[in-house]
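Some labels for a model need their grounds spelled out. The turns below take them one by one.

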Amino acid sequence: MAIFFIYRVKKTDDPFTTDIKTIRRRIKAMGKNKSVGPDRVCGEILKLGGEAMIPYVARLLDITMNDGTLPGDWKRPMVIAIHKGCDRSLVTNYRPVSLTSVVCKQMEHVIASYLRQVWDKNDWLYEGQHGFRPGYSCESQVITVCQDIADSLDNGDKIDTITVDFSKAFDLVPHGWLLDKIANSGVDSNVVV
């Protein structure tokens, strides 16, 4: 059984634009040994290109977003096996790692930054939502819950807990519904394709 929360959000006209600051920050933070994806674009090229490379990456991401299509190499990951330890002849001692396009990862971060801006502006996210938000984390969620429990105990209140595991919830949500919900949150229609 799935539970959905309906939020009333005022529609905004926040057009998507590639955020140069996000690209600059991501390229600056990129490790020198970033693995090459299926498009064969090396992260080191972006890093060495520095400021001169940023407008070209931004333009490429703008074209991709406005056309609504991704290059084929951005959709296809290269999966490699990483040895975890012990006997190399056992398949169970390896874990798969998916290498994707370095440029596509930049686009993912630009889109995530845009979504956070629009949702923060529209006050769309619940204040108790901790994961995947700057300044919030799983640890901050645990601290909040522990503080709530301590406050309740101090007040002499009864405490009941219900534990629900949502680890597979995203896989069970009909993605069409999720896209409709995002489209109605005030974001540019080019972001929800």
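A polar contact is a pair of N or O atoms within 3.5 Å. The model discussed here is predicted.

Q: What makes the approach of the Ser101 side chain to the backbone nitrogen of Val103 a polar contact?
A: The side chain of Ser101 reaches that nitrogen at 3.3 Å. The limit is 3.5 Å, so the pair qualifies. The Ser101 atom is a side-chain oxygen, and the pair sits at the start of H4.

Q: Where is Ser101 found, and why is Ser101 called buried?
A: Ser101 is in the loop between strand S2 (94-99) and H4. Its relative accessibility is 0%, and buried means under 20%, so Ser101 counts as buried.

Q: Which residues does Ser101 contact, leaving aside neighbours within four places in sequence?
A: Ser101 is in contact with Gly37, Pro38, Asp39 and Trp74.

Q: How do you know that the span of helix H4 agrees with its number of residues?
A: Helix H4 covers residues 102-121, which is 20 residues. At 1.5 Å a residue the expected span is 28 Å, and the end C-alpha atoms are 29 Å apart, so the two agree.

Q: What do the buried residues of H4 pack against?
A: They pack against helix H1 (20-29), H2, helix H3 (72-75) and helix H7 (175-183). The buried residues of H4 include Val103, Met107, Val110, Tyr114 and Trp119.

Q: Which residue follows H4, and what is the sign of its phi?
A: Asp123 follows H4, and its phi is positive, near 55°.

Q: Why is Thr64 called buried?
A: Thr64 has 7% relative accessibility, and the cut-off for buried is under 20%, so Thr64 counts as buried. Thr64 lies in helix H2 (residues 43-67).

Q: What makes the pair formed by Thr64 and Leu60 a polar contact?
A: A polar atom of the Thr64 side chain lies 2.9 Å from the backbone oxygen of Leu60. The limit is 3.5 Å, so this pair qualifies. Not counting residues up to four places away in sequence, Thr64 also touches Thr69, Leu70, Pro71, Trp74 and Met107.

Q: Why is Ile149 called partly exposed?
A: Ile149 has 33% relative accessibility; buried is under 20% and exposed is over 50%, so Ile149 counts as partly exposed. Ile149 lies in helix H5 (residues 138-154).

Q: What makes Ile149 eligible, by accessible area, for a nonpolar surface patch?
A: Patch residues need over 30% relative accessible area, and Ile149 has 33%, so Ile149 passes that cut-off. Val145, Ile149, Leu153 and Ile159 make a nonpolar surface patch of about 310 Å².

How values were computed. Residues are numbered from 1 along each chain as its sequence is written. This is a predicted model: local features need pLDDT of at least 70, side-chain atom pairs count only at pLDDT 80 or more; totals for chains, interfaces and linings use all residues. Side-chain values use heavy atoms; hydrogens and water are left out. Patches are made of residues with over 30% relative accessible area and no salt bridge: like charges are joined within 9 Å, nonpolar side chains (Val, Leu, Ile, Met, Phe, Trp, Tyr) within 5 Å. Accessible areas come from the Shrake-Rupley method with a 1.4 Å probe; for residues, only the protein chains shown count as cover. A salt bridge is a side-chain nitrogen of Lys or Arg within 4 Å of a carboxyl oxygen of Asp or Glu. Helices (H or I, at least four residues) and strands (E, at least two) are DSSP runs, numbered from the N terminus. Buried means under 20% relative accessible area, exposed over 50%, partly exposed in between (1.4 Å probe, protein chains only). A polar contact is a pair of N or O atoms within 3.5 Å; within protein, one must be able to donate a hydrogen and the other to accept it, and residues adjacent in sequence count only if both atoms are side-chain atoms. Contact means heavy atoms within 4.5 Å. The expected span of a helix is 1.5 Å times one less than its number of residues.
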